[in-house]
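Biologist: I keep tripping over the labels people put on structures like this one. Take me through them, and show me the cut-off behind each.

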Amino acid sequence: MTDRTAVRTGLLTVDGATLHHEVRGEGPLLVMMPGGSADAGIYDAIAADLADHWTVVTFDPRGYSRSALAGPVTDQSPATHADDIVRLIESLSPDGAPAALFGSSSSAVVALAALARHPGRLSRVVAHEPPVVALLPDPEAGRVLFAAVREAFRRDGVAAAMTTMAAGLAPEEDEAAPGPERAAERGEAATPEQTADQAATQGQAPDPEQAATFRRMHANLPVFLEHVLCPFSGYVPDLVALKAAAAHLVVGVGGDSRALLPAIAAEGLARRVGAGVAEFPGGHIGLTEHPRAFAARLRDVLAAP
């Protein structure tokens, strides 16, 4: 019997990159994709909780952390990342058994691309709040927002970009809500260093391994802001293919973030393709706000008929 807490690491060569991946537990394959600037480390707590029933695979996306590109970084494509996922599944499921797939935020966009391109390789896909502007009531407003975030990064750096994004994610009438809870809802706690600050204020100073994870994810922010944010949010899903595969798709929304852009896009997707909707604890980054409760909810969603 495999020790479900033990982590087996590996490297997989894909077209143009080498993917660092981590495997825990045993059972049916579950691939968990990190979003934003995160890498495999964002799922440490959740993966350990789920490894009693699944072989849980986490990884660093191409160009992030320990997944080196073969050449210089360029704008990234959800389709290319989706193909990376299928290569990873094929390497870890040689008998051809389909895998479950979870993605949140930008990686939820990859989940949609993977299901549209490779439906036979996936048993269930959970896409938590994909920020796809094409699915918004006003797509152009979404495109303008994310272009402004990228421009703020180019002009003034990471902090300015994150402030611009936080200011644009919520409806104007919700501006008055004060305090750290409001900041978290608006995405202002989404960066690795802010997650570390949040832990510190709760008396949970990061250990050396967690600190190293925060540093890696912080170093990924320039790649995310310059080469991932706009191409991924601008992705146009194949609604025909997703509707055909809707029985395998669950769209996740945060209980605390239904008024925010990513959740609005997610619910718009569910309506257009006929997919189910599942509410998860917390907001857009509920998996870091409430990891144990988030893992329990994901367990239920994956196990549902």
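Modeller: Burial first: buried is under 20% relative accessible area, exposed is over 50%, and partly exposed lies in between, using a 1.4 Å probe and protein chains only. Bear in mind that this is a predicted model, where local features need pLDDT of at least 70, side-chain atom pairs need 80 or more, and totals for chains, interfaces and linings take every residue. Numbering starts from 1 along each chain as its sequence is written, and side-chain values use heavy atoms, with hydrogens and water left out.

Biologist: Then what makes glutamate 129 buried or exposed?

Modeller: Its relative accessible area is 0%, so glutamate 129 counts as buried. Across the protein, 53% of the 305 residues get that label.

Biologist: And why is serine 65 called partly exposed?

Modeller: Serine 65 has 30% relative accessibility, so it gets the partly exposed label.

Biologist: What is unusual about phi in these two residues?

Modeller: Most residues other than glycine have a negative phi. Serine 65 has a positive phi of about 45°, and glutamate 129 has a positive one near 55°. Neither residue is a glycine.

Biologist: Where do they sit?

Modeller: Both are in loops: serine 65 between E4 and H2, glutamate 129 between E6 and H4. Those labels are DSSP runs numbered from the N terminus, with helices (H or I) of at least four residues and strands (E) of at least two. By that count the protein has 12 helices and eight strands.

Biologist: How do you know that E6 and E7 pair?

Modeller: The rule asks DSSP for at least two bridges between two strands. Strand E6 (residues 122-128) and strand E7 (residues 249-254) have four, in the parallel sense. One concrete case is alanine 127, whose bridge partner in E7 is valine 251.

Biologist: What order do the strands take in the sheet?

Modeller: E1-E2-E4-E3-E5-E6-E7-E8, an open sheet of eight strands with mixed pairing.

Biologist: And why are E1 and E8 called edge strands?

Modeller: Strand E1 (8-14) and strand E8 (276-280) each have a single partner strand, so one side of each has no neighbour in the sheet. As for twist, neighbouring strands are turned by 25° against each other on average, direction ignored. Angles come from lines fitted to C-alpha atoms, over the stretch in contact for helices, and run from 0 to 180 degrees between N-to-C directions.

Biologist: Which strands does helix H2 touch when it packs on the sheet?

Modeller: Touching is a contact, meaning heavy atoms within 4.5 Å. Helix H2 (residues 78-92) reaches E1, strand E2 (17-24), strand E3 (29-33), strand E4 (55-59), strand E5 (99-104) and E6. The direction of H2 makes about 125° with that of E1.

Biologist: What about helix H10?

Modeller: Helix H10 (residues 261-273) packs on the sheet too, in contact with E7 and E8. The direction of H10 makes about 155° with that of E7.

Biologist: One last number: what share of the contacts is long in sequence terms, joining residues at least 24 apart?

Modeller: Take the contacts between residues at least 6 apart in sequence, and 71% of them join residues at least 24 apart.
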